[in-house]
Amino acid sequence: MNPVVAPWVRTRLRTAPLTAGALALLVALTACLAAAFPRAVDRYEDAGLLRALREARPDHVTVQVTAPQPDVMLPPAEQAAAVRPDTLRDQFEKVLTTVRAPLAIDRVQSSYGVGTAKSTPVPDRWIPRPSGLPAHVSLFAHNGLAEHARVREGRLPRATGAVDATATEAEAAVTAATARSLHIKVGSVVHVPGVARAPLAVRVTGILTPRDPAGAYWSTLPLLRTPTLVSLPSLGSDPATYWLGALLLAPDAAPAILGTGGSHLRYWLLAPDNGALHAHDTGRLESVVAALESGPGLQRARDLTDPGAEVNTGLDDVLTSYSRLRSSIAPLVSVAASGTGTVAGVVLLMTGGLAADRRRTELALLRARGASLRGLTARLFAETAVVVVPAGALGLLAALLAVPEGRAAYACAAALAVTAAACAALPLRAALAHRSVRVAAAREDVASVRPSRRRTVAELTLLVLAAAAVEALRRRGTSGGQLASVAPVLVGVIAALLLVRIYPFLLRRLARPAGRLRGAVGPLSLARAGRTQVSAVLPLLALLTALTTAAFGGSVLAGVDEARDRASLLTVGADARVDADGPLPSGLAERVRSASGVRGVAAVSIAYQAKPEDDQDSVPLVGVAPDSYGALAARMGLGPFGEGQLKRPASGGPLPALASPSVARQYGTRRPFLVRLEDGMSVAVRITVVRSLTPAVTSADFLVVDRAGLSATASRPTALLVTGDQVDGRALRRAVGGAGAVDLRAEERARYADSPLQSGAERVYAAAVAAGAGYAVVALLLALLRAGPERAALLARLRTMGLTRSQGRGLLVLESLPQALLAAAGGALTGWAAIRLLSPGVDLTTIALASAQTPVDEAELHTDVLSLTVPAIAVVVVAVGVAGVQAWWTGRRSSVGELRAGDTR
C-alpha cells in the first residue's frame, strides 16, 4: 500500500496561517503603494499641464495654419473656388493628418474659414466714433456657427445663389458683445468698401450668443466674439481710438470677401485637446510642434493647402516652460520615492529572513536528509508565491481603483517588482544559509563575526557611489540625474554600514564597566545585545534610511512652508494690508482697528514718484508714525529699528530717514539732500538707518521718514498695515468698503500653494515620507519579533533561577536599547549631516512658490529640529514599548512550553 504524501504548500499554509496572512497583507499594502505612486505623479503632473494650457489661452496654444488669399492672377472662378467651404473643409481634413501623436486635436473646437487680415474703415456714421475716427470691420466666413452659437435675435446668415467677388450684398451675424458696442441691430446695414467696385452692403440678420465663449472656437480669434477699442499711437495723454468689430458671413458667401478692401487670408485653426495631452509626453509634444512650425509638418501643410502657408503657435513656449518647471520638481519627489522604496525593499527582505530563521532547524534537517538545494528553493518559492501573487494582484487592483488616472504600465511594473521581491526573499535567504549541509549552525553574533572581504568591497563601492552622488547634487543641484536623487538614501546606507561596524566595538567597551555594576540585569542585557545576529544589519539599514529620509523630507516640507510664509510676508508686509491710489478717508484706521482679529494698525503714506535731488529716477518715500511702524517692523522681522531713530528733530532740520542699501550708497549717509514729492513740495532728509527690507514697500529702493515732518497733503495715509493673529477677511473688507483694496497674508500664502503641480508634488512627497516612516516601524517590529521566541525561553529559564517579573522587563528593555539608541542617534546625526551636505544643491523655490514673480529669490534647505528628533524618539519609544509588552505577555504565560528538553533557543 502506497503512503499518502501531504502536499507541501497546503501543509505549510495550514501550519502557519497567521504568518501567511500577515505576509499577504504586507505585500498587498506595499504593491498598492508602489503601483499608486507613478499614477499619482502622472495625475498631478497632468493637472499641472492642463492648468498651464488653460492659463495660456486658446489664441496662444492653438496651431494656426494660415495661407494668403488666392493669387489675383488666377481666373475669378478659381479664386472663388479656393475659398468655398467644400475646398476649405477638404483641406482641413488633410491638414489634420499632418499632426502626429501624441499631439491630439479637439475637432469640436477646431475651425477653418476665410477672413480679413487687415481691417478696413467703414463710412457708416451710425456706428460709434469715440474720437471721430470711423469704425473698422473685419469680415469672416467662419464654419460651424450653428453648432457653436445660439441665435438671440433674427436668424443665421445665408448665401443666395453662387456668390463671387463681384457680389454687392451679403448677410452677416454678429455676437451680442459686438452688437452692443457698435450699436448694431437686426436689419442694420454696414457698407464695406470694395476694390474697384461698389461697397459690399452687409445686412445683419442675426445676433448670436456663443455657447462656449472661452473655448478655442471663439477665443482663438477673439475678434469674432468681442470687439476692440483700438488706440492709435500718440504723444498726448488722450490717444485717438476707433472701434474694430467682426461681421460673420455665411461660409458660402466667402468669395464676397475677396472683393473688399484690405488683405485676406485662409485659415485652419487646430485646437489641441487639452484633456488628451499628458505630462510624460512633453518631450515628444515639443518635437511634434517644432516639426509643424519649421519642419516636415510645415512642408506637408504647404503641399496640402498653399505654397505660401505658415504654421504658428505658442504651444511650444507653454510646453518648454512647463517642462522646465516639471524637471525642477521631479528630482525632489524622486528623493522621497527612493528612500521609501529602499525601506520597503528592506522590510520585504526582512520578512524572508525572519521566516528562514524561524525554520532554520527544519530546513537544515531537510538538507541533512538529502533534499537538494534547488528542490528546497523551488518548494519555498512555490509556497511563498501562493500567498504573495494574489496579494500583489489585489494591491495592484486597489491602486488602479484608488488612482484611476495615470499610466497603467508603470503601476503594473512596480507591483510586479514588489511581488517578485517578496517571492524571492525567503528562497534566497534559505539558499544562502543552507548552501552546505551542516549538523549545527555556527554562531553569527554581531560581536564575534568579522566582516568578509566581499562585504568590505561592497561597502567601499557604496561609499564611492554615495560620495559621487553627494558631489553631483552639490555641484549640479537636483538636475544631476538619478544618482543625485538617491544621494540621501546612499548617505543613510553608508551610515548604517558604518554603525554596524562600530556596534561590536561599542558593546565591548561597555561590557567591562557594566560587569562591575550590582545585579545581573545590566551585564546580562549587554551580553544579550552582543548575541544579536549579524543579519540585524537589515533593520538598522531600514531604520537609518527611514530616519534620514524623514529628516530630509521633513526639512524639505518645513522649508517649503517657510518659503511660502516669507514670500507672503514680503508681498503684503503685514498680516493684512489696505491700499488706495489716493489718500484714505479719515476714520478708516479706527474702523479697521475694530474689525475682528485685528491687533494693530500702522497708517503710512507712500509717494511712489518721489525724486531725490530732482533726479529722473524715482524712489518710493514712506511717511510713517515711528512708534507704530517700528513695532510693526519688529513684529514682522522686516528691517526693525529703534523708535527714536526716525523721530523728527524738535529743533527742526533734515528728517532722519531709513533707506535701502542701494539708496544709501547712491546718496550717502553723511549729508542731507532734498526729495521732491508728488505735490511739488520738497523735504530735506538725511539717511541715518540702513535696512534691506521694510514692510511698506517691496521694491529694492525706498526711503522711510517720520510722517509728522511732511506737508499736510503728503502725510495723509494711503495704506494701512494691519497685524493680528487671525484677521477676519470678511470683517476687514466690510470695514474698508470701497475705500481701498484689501490683501491678506493668508490669502497670498494660499495662492502660492494653488498650483496643481507644486501642491501635488508636495502631497506625494509627504505621503512617501510617511510611508517610509511606517515601514521603518514595521522593520523594527520584525527585528523584535525575530528574537521573540528566544527571549521568551530566556525569561522562562531565568525565572526558574529567581528572576522577578520587573527584572525580566528591565532585561528585555535594556537588551533592546543599544540597537534602538544607536539607530536613533545615528539616524538623527545622519539626517543632519545629509541636510548639511546636500543643502547647497537643493533649491526649494520651484516646489514652494507657484509663481515665478515672488519677492523670494531662493528658498534654501535648512535643518528642521522636529524632523530630526521626533522620528528618532519614536524609534526608541517603539523599541522600549514592544520589549515591555513582550515581557508582560511572557510573564502571563506558562513556562512549561518554554522549558522543553532539547530546546536550542
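Leaving aside its neighbours within four places in sequence, with which residues is Ser 119 in contact? In this predicted model, the residues concerned are His 136, Val 137, Ser 138 and Leu 244, once neighbours of Ser 119 within four places in sequence are set aside. Ser 119 itself is found in the loop that runs between β2 (111-116) and β3 (120-121). With His 136 the serine also makes a polar contact, in which the two side chains are joined at 3.3 Å. Because its relative accessibility is 19%, Ser 119 counts as buried, the cut-off for that class being under 20%.

Two of the residues that Ser 119 touches, Val 137 and Ser 138, are also in contact with Leu 247. Beyond its neighbours within four places in sequence, Leu 247 further contacts Leu 139, Phe 140, Ala 172, Ala 173, Val 174, Ile 184, Val 190 and Val 202. Leu 247 belongs to the largest nonpolar core, a set of 70 residues, and is listed there among those with the most contacts inside the core, together with Leu 103, Leu 139, Val 202, Leu 249 and Leu 270. Apart from this core lies another, of 52 residues, which includes Ala 36, Val 347, Leu 497 and Leu 499. In soluble globular proteins, nonpolar side chains tend to be buried together.

Helices α9 and α10 were examined for the placement of their buried residues. Helix α9, formed by residues 282-294, contains 13 residues and reaches 18 Å from its first C-alpha to its last, close to the 18 Å expected at 1.5 Å a residue. Its buried residues are Thr 282, Leu 285, Val 288, Val 289 and Leu 292. Because these residues cover an arc of only 120 degrees around the axis, they lie on the same side of α9. The elements covering them include β1 (63-68), α10 (296-304), β12 (310-312) and α11 (315-358). In α10, the buried residues are Gly 297, Leu 298 and Ala 301. Seen down the axis of α10, they fall within an arc of 100 degrees and therefore line one face of the helix. These buried residues pack against α9 and β12, whereas the face of α10 turned away from the buried side carries the exposed residues Pro 296 and Asp 303.

The structure holds 17 salt bridges. One of them pairs Arg 107 with Glu 93, with 2.7 Å between the closest N and O atoms. This pair links distant parts of the chain, 14 residues apart, since Arg 107 is placed in the loop between α5 (85-96) and β2 while Glu 93 is in helix α5. Both partners are classed as partly exposed, Arg 107 at 46% relative accessibility and Glu 93 with a relative accessible area of 33%. A further salt bridge, at 2.9 Å from N to O, brings together the side chains of Arg 155 and Glu 171. Arg 155 lies in the loop between β5 (149-154) and β6 (169-175), and Glu 171 in strand β6, so this salt bridge ties together parts that are 16 residues apart in sequence. Arg 155 has a relative accessible area of 30% and is therefore partly exposed.

Asp 579 and Arg 577 likewise form a salt bridge, their closest N and O atoms being 2.6 Å apart. The two partners fall into separate accessibility classes, for Asp 579 counts as partly exposed at 22% relative accessibility, whereas Arg 577, at 6%, counts as buried. Asp 561, Asp 565 and Arg 749 are linked in a network of salt bridges. Side chains of opposite charge can pair when their charged atoms come close.

Several backbone features were also noted. Most residues other than glycine have a negative phi, and most peptide bonds are trans. The peptide bond from Ala 101 to Pro 102, however, is cis, with omega near 10 degrees, and Pro 102 has its place in the loop between α5 and β2, where Arg 107 is also located. Arg 57, a residue other than glycine, has a positive phi, near 75 degrees, and is placed in the loop between α2 (17-56) and α3 (58-61). His 183, also not a glycine, has a positive phi of about 60 degrees and is found in the loop between α7 (176-182) and β7 (189-192). At 48% relative accessibility, His 183 counts as partly exposed.

Note on methods:
Residues numbered from 1 in each chain as written. Predicted model: local features only at pLDDT ≥ 70, side-chain atom pairs only at ≥ 80, totals over all residues. Heavy atoms only, no water. Helix = DSSP H or I, 4+ residues; strand = E, 2+ residues; numbered from the N terminus. Buried < 20%, exposed > 50% of the residue type's maximum accessible area, 1.4 Å probe, protein only. Polar contact = N/O pair within 3.5 Å; in protein donor to acceptor, adjacent residues only side chain to side chain. Contact = heavy atoms within 4.5 Å. Expected span 1.5 Å × (residues − 1). Arc of directions from axis to C-beta. Core = buried A, V, L, I, M, F, W, Y, C linked by side-chain atoms within 4.5 Å. Salt bridge = Lys/Arg side-chain N within 4 Å of Asp/Glu carboxyl O.
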